[in-house]
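Please walk through the structure shown below, beginning with its charged pairs and moving on to its interior and one of its helices.

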Amino acid sequence: MAQGTVQVTHTGTSRWRRRTGEYASLSAALEAAADGDVLTVAAGTYRENLVVQRAVTLRGPEGGAGSVRIAPVEGVPLTVRAPATVQGLQVEGQDAAAPALLVEESTPEITDVRVVTRSAAGIEVRGGARPTVRRCTVDNPAGVGIAVLDGAAGLFEECEVVAAGQSGIAVRGGARPRLERCRVHHTAGAGLAVTGEQSGVEAVGCEIYEVRGSGVQVTQRAGAQLTDCDVHRTTADGVTLDTDAVLTLADSRIHDIPENAVDLRSRSVLTLTRSTVSRFGRNGLSVWDPGTRVDAHECEIHESTGDYPAVWISDGAAAVLDSCRVHDVPDALFVLDRGSRADVVDSDLAQVRNTAVSVSDGATAQLDDCRIRDAATGAWFRDHGSGGTLSGCTVDGTQTGVIVTKGADPTVERCTVSSPAEAGFYVSADGRGTFRSCRVSGSAGYGFHVIDGCRATLHKCRTERCARGGYEFAEATGATAGSGPLVTECTSDESAEIRTPAADTAPLTAVQSPGLLGALPAQATAPAEPGQPGPEPEARPAKDVLGELDALVGLESVKREVRALTDMIEVGRRRKEAGLKAASVRRHLVFTGSPGTGKTTVARLYGEILASLGVLEKGHLVEVSRVDLVGEHIGSTAIRTQQAFERARGGVLFIDEAYALSPEDSGRDFGREAIDTLVKLMEDERDAVVVIVAGYTTEMERFLSVNPGVASRFSRVITFGDYSPEELLSIVGQQAEEHEYRLTEGATESVLKYFAAIPKGPAFGNGRTARQTFEAMVERHAGRVAQLAETSTDDLSLLYPEDVPVLV
């Protein structure tokens with residue numbers, strides 16, 4: 001395209017009219033023009049380096065967009081140093097060390113200009129300039145799209161960076177532009193980069209996408225405010241803040257990000273209001289380092305595409321989530337490391353594949369009036385120093401509502417857990433915790449399950465319709481013996497008051513029971529480790545242990561199976577001593593049956609028998625379930641399973657409800673990893689541990705059928721049948737004898753009728769139901785006898801038909 005002419009029109013009142021006319025070059029026209037003149041540039045290519053130093057109007061022909069090309073061989077094609085108006089031009093540069101359009105120390109208006117270049121910057125504004133730039137486009141695959149530097153500012157309205165070899169828009173050196181309805185895309189660096197103290201950007205209605213890097217990057221004490229903006233389709237983080245950066249995001253959307261949607265570090269501060277974060281590959285919010293903070297209000301974080309927590313707070317950082325929604329994510333909120341803190345108020349955490357709230361490594365979380373639903377675990381306080389408060393929260397549709405382990409010590413008050421599949425509250429491995437006025441209803445397992453003698457505190461808690469029992473306090477052994485939860489004013493629909501913990505769940509000749517009856521003598525615990533201080537109790541002879549097995553109520557087929565297996569092992573031992581070949585006997589077992597039928601007790605006795613026969617070193621019992629074995633990330637499950645196996649070394653590893661490791665809809669479930677690890681350990685260390693898996697009959701049949709590798713490791717399946725009414729009556733009789741009560745003949749008949757009529761559905765607890773029935777009888781007896789002015793020994797010990805509870 002040949003160079004055209006330049007028409008200069010004089011608009012002033014001066015008598016010097018010679019400026020009006022046509023000029024052969026732009027440089028000559030600019031030299032002749034004065035303030036207020038209009039330079040109309042004819043179509044053509046101008047190989048000139050133009051400098052506008054007067055308040056003129058420089059424009060292309062009407063309707064000739066792109067027909068005027070300012071394209072010198074080197075240097076800056078167009079420099080504006082005056083409050084001029086530039087419109088309708090195309091600026092092209094080739095100098096990698098210079099910008100294509102440079103604005104310095106002035107307030108020009110630049111409209112409908114297209115910059116097509118391979119320069120250091122497409123448009124550069126610096127030195128205190130304040131331009132108004134409208135409807136301009138920048139295509140610069142070699143450098144920065146738009147650079148605003150050194151205290152400059154200005155308004156960029158409806159501008160577009162269609163390509164950039166570096167950042168789309170770069171702001172530094174104290175510059176503070178405003179962007180309205182701009183679009184930045186196809187950049188090789190950050191879409192918007194703001195760097196340096198006092199540098200800042202205000203962006204409204206802008207869109208940043210298709211970026212090979214971070215969408216928005218604010219660093220080195222810079223600040224930014226984005227309103228009604230979209231950031232999406234980046235290759236790195238959506239928004240990155242580092243080193244005292246400050247960002248406010250309002251009514252904005254960050255989505256389709258393969259890495260962290262928002263990542264903050266080094267004392268940066270983010271305020272997030274009415275914004276959504278969705279479809280991110282790592283964390284939705286990733287918050288690191290002391291002094292770093294996020295305040296999120298009325299925001300939504302959802303639809304993770306990866307396997308990472310939606311909100312990650314670590315290394316002493318802090319976050320506040322107020323009236324927010326987090327859903328359809330692997331994990332909702334992880335708070336890690338001492339000094340890290342999360343405050344969550346009036347928020348919803350839902351459709352969480354693993355854990356809604358995880359607190360570990362000394363971190364703290366405070367949740368007030370929040371709602372957690374459809375998660376594997378509602379909240380998990382993991383280890384020593386980790387804690388916080390859950391207040392007025394509801395947890396619905398989880399596997400386990402709240403877990404406290406390894407010395408963690410949270411406070412949970414006025415919280416409700418509904419319909420958990422395993423337990424409402426689970427405390428193990430030296431976990432503590434204070435639970436006040438909490439409620440569990442509709443649990444398919446226990447309401448409160450506290451094991452290992454953990455020193456949790458329960459006050460004014462309530463359980464209703466819990467299939468395996470409202471409260472289960474497993475026996476403390478070893479160093480924790482004699483400790484256990486502190487329970488005051490707690491109630492259940494199964495028993496009016498729960499005061500002291502039980503040590504076992506299965507019916508024994510000397511049954512230990514919670515409730516008004518007080519503590520009973522505990523069973524013998526496993527021998528101490530060799531070399532540990534204190535006397536080491538000797539293993540009981542097999543004959544004595546088998547005698548205790550025989551004394552259990554019912555379970556005749558179970559007793560036969562255990563005796564047959566014991567006889568095989570004993571004869572095999574004798575054959576070896578005699579120098580004969582002995583058949584290899586697999587000692588691992590499958591126990592099937594309903595809750596409360598004595599599976600845990602028989603497993604404990606079986607371990608003692610094997611220890612007395614010299615098959616096991618110690619014979620102690622380690623009881624675990626899915627929550628103890630399955631982690632939340634790849635690799636953690638194998639570690640947990642190995643740790644459980646090590647605790648059981650020399651004894652019995654009893655896995656209750658083992659079918660939960662292989663759910664029917666296993667999808668992304670890590671239970672399979674626990675099974676694979678267990679099978680390998682059973683093969684590699686076949687003589688170290690006896691493994692017993694237990695659960696409902698139908699579910700265990702499915703578990704074994706879908707995991708043939710597991711089924712092949714077990715020698716036999718032992719089925720524990722439900723107790724008959726007569727056997728349940730016998731358990732009540734044992735309880736009465738142990739606690740110095742007697743059943744009258746009428747009471748015996750009434751109890752038998754009661755057990756014949758009681759529904760035998762999934763919530764039926766067998767031996768546990770018998771013990772709870774006896775507790776209820778004692779309570780009713782106490783209510784009756786307390787009204788008597790004087791009482792005899794018979795009054796205090798005889799139970800009558802009116803003391804038998806009435807079926808509702």
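Which side chain meets that of R439 in a salt bridge? In this predicted model, the partner of R439 is E464, with 2.7 Å from N to O. The two residues are 25 places apart in the chain, R439 lying in strand β53 (residues 439–441) and E464 in strand β56 (residues 462–464), and the pair thereby links distant parts of the chain. R439 is partly exposed, with a relative accessible area of 32%, whereas E464, at 16%, is buried, because the limit for a buried residue is under 20% relative accessible area.

This pair belongs to a wider set, for a search of the whole structure finds 37 salt bridges. Another of them joins R265 to D263, whose closest N and O atoms are 2.8 Å apart; here R265 counts as partly exposed at 31% relative accessibility, while D263 counts as buried at 3%. Elsewhere, salt bridges link R134, E157, E158, R178, E180, R181 and E202 in a network.

From the charged pairs we turn to the interior. The largest nonpolar core has 131 residues, and L270, V357, F435 and L458 are those that touch the most other members. Strand β43 (residues 348–360) gives the most to this core, with 5 residues. Apart from this core lies another, of 46 residues, which includes L555, V558, V690 and V778. Leaving aside residues up to four places away in sequence, F435 touches V404, V412, F425, V427, F448, A456, T457, L458, H459 and C461.

Helix α10 (residues 725–738) offers a further view of packing. Its 14 residues reach 20 Å from the first C-alpha to the last, close to the 20 Å expected at 1.5 Å a residue. The buried residues of α10 are L728, L729, I731, V732, Q734, Q735 and A736, and what covers them includes α2 (542–551), β65 (742–743), α11 and α12 (767–785). After α10 comes E740, whose phi is positive, near 65°.

Two of these covering elements lead to further links along the chain. In strand β65, R742 is bridged to D794 of helix α13 (residues 793–797), a residue 52 places away in sequence, with the closest N and O atoms 2.7 Å apart. D794 is partly exposed, with a relative accessible area of 39%, and R742 likewise counts as partly exposed, at 44%. Helix α11 (residues 745–757) holds E749, which is partly exposed at 43% relative accessible area. E749 and P801 are 52 residues apart in sequence, yet their C-alpha atoms are 8.0 Å apart in space.

Definitions and conventions: Residues numbered from 1 in each chain as written. Predicted model: local features only at pLDDT ≥ 70, side-chain atom pairs only at ≥ 80, totals over all residues. Heavy atoms only, no water. Core = buried A, V, L, I, M, F, W, Y, C linked by side-chain atoms within 4.5 Å. Buried < 20%, exposed > 50% of the residue type's maximum accessible area, 1.4 Å probe, protein only. Helix = DSSP H or I, 4+ residues; strand = E, 2+ residues; numbered from the N terminus. Contact = heavy atoms within 4.5 Å. Expected span 1.5 Å × (residues − 1). Salt bridge = Lys/Arg side-chain N within 4 Å of Asp/Glu carboxyl O.
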